[in-house]
Amino acid sequence: MPEEKKTAAPAGPAADGGKTEVRGVFSTQEIRKVGTGTTTRKTVQKTFWFIEQRGNVIECQPLNTNYVPSGPKRKITMDELIAKFAPEPEFYLNSVYPKMRELRQAVDNGDEHREKGENFAAEYEYNRALKVDEENVRANFGIGLTYMERGDVEKARDIFERLVKLDGAFESEHKHLFNEFGINLRKNKMLQQAVEYYRRALELTQNDENLHMNMARALLETKDINGCIDHLLQALAIAPTHESSLKFLSWMLQRNLVPEDRQQSVREALRASAQPGPAK
């Protein structure tokens, strides 16, 4: 039976070759009125943000209570940065950077332990990271994989519920992790979770033939044959010569798994893939 395909992160160098032009902590201030009538007074609420620029893209992310960037990122313009944000270099160097370094080290340690099969040590390090940032994508994936590797399905299910709500989990920089996590969901017989997980990934990642193929693999195990075929055909619509999807469909035909009313469209897709492309 065809196996899931791990997708590669799409290439796309920044306009400046990947050089970071702005990176640090900035603050914004908002004046609010508190009280009513003669007791009304103004207060200034200060909010801290981690801002990073690559090429023409500037991303802004709030700091959590532990002083690390956490939560959704949003794009801002250079005009907005200049007009609304004030640099906070001392706060970044003295408070934020050390916490970011601590978080990164804990996640790196967790990854190293997991790769060696040292699951309990990996869990300790990932939990240490999650105490600093409960939305850290790498730590969540890492601890989820650790739970699945040792067969703790209930804890893995809790991590799954958290990950499907994190948009950042499905960004290209984490593609290898979310592929590995999805494959492990299926291997641990968490089939409905695997289907929901791939559906969420497809909402956020357009035109990825490997994701469609992996979704088809999960749907086959849930006995949703038509859904399986739909996603294989979508994979081929994106990439007509996608080898894994072609082998998958051929395998289904050979084992009489394709319903009679769908055999023609499946055979046509297979024939189309065998046609030579236009001359260049």
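Here is a short chat about reading helix 6 and some aromatic pairs in this predicted model.

Reader: How does the end-to-end span of helix 6 fit its 13 residues?

Author: Start from the rise, 1.5 Å a residue. Helix 6 covers residues 175-187, so it should span 18 Å, and its end C-alpha atoms are indeed 18 Å apart. Just after the helix comes Lys189, with a positive phi near 60 degrees.

Reader: Is helix 6 mostly covered or mostly open, and what does it pack against?

Author: Mostly covered: ten of its 13 residues are buried. Among them are Leu177, Phe178, Phe181 and Ile183. The buried residues pack against helix 2, helix 4, helix 5, helix 7 and helix 8.

Reader: And Leu93, over in helix 2: buried or exposed?

Author: Exposed means over 50% relative accessible area. Leu93 has 56%, so it counts as exposed.

Reader: How do I read the pair of rings Phe141 and Phe181?

Author: Look at the distance between ring centres, then the angle between planes; over 60 degrees counts as edge-to-face. Here the centres are 5.5 Å apart and the planes at 70 degrees, so the pair is edge-to-face. This pair links distant parts of the chain, with Phe141 in helix 4 and Phe181 in helix 6, 40 residues apart. Both Phe141 and Phe181 are buried.

Reader: Which residues join Phe141 and Phe181 in one aromatic cluster?

Author: Phe170, Phe178, Tyr197 and Tyr198.

Reader: Where do Phe248 and Trp251 lie?

Author: Both are in helix 10, three residues apart, about one turn of the helix. They form an edge-to-face pair too, 6.3 Å centre to centre with 75 degrees between the planes, and both are buried.

Conventions. Residues are numbered from 1 along each chain as its sequence is written. This is a predicted model: local features need pLDDT of at least 70, side-chain atom pairs count only at pLDDT 80 or more; totals for chains, interfaces and linings use all residues. Side-chain values use heavy atoms; hydrogens and water are left out. Helices (H or I, at least four residues) and strands (E, at least two) are DSSP runs, numbered from the N terminus. The expected span of a helix is 1.5 Å times one less than its number of residues. Buried means under 20% relative accessible area, exposed over 50%, partly exposed in between (1.4 Å probe, protein chains only). Contact means heavy atoms within 4.5 Å. Rings of Phe, Tyr and Trp (its six-membered ring) pair if their centres lie within 6.5 Å; planes under 30 degrees apart count as stacked, over 60 as edge-to-face and the rest as tilted.
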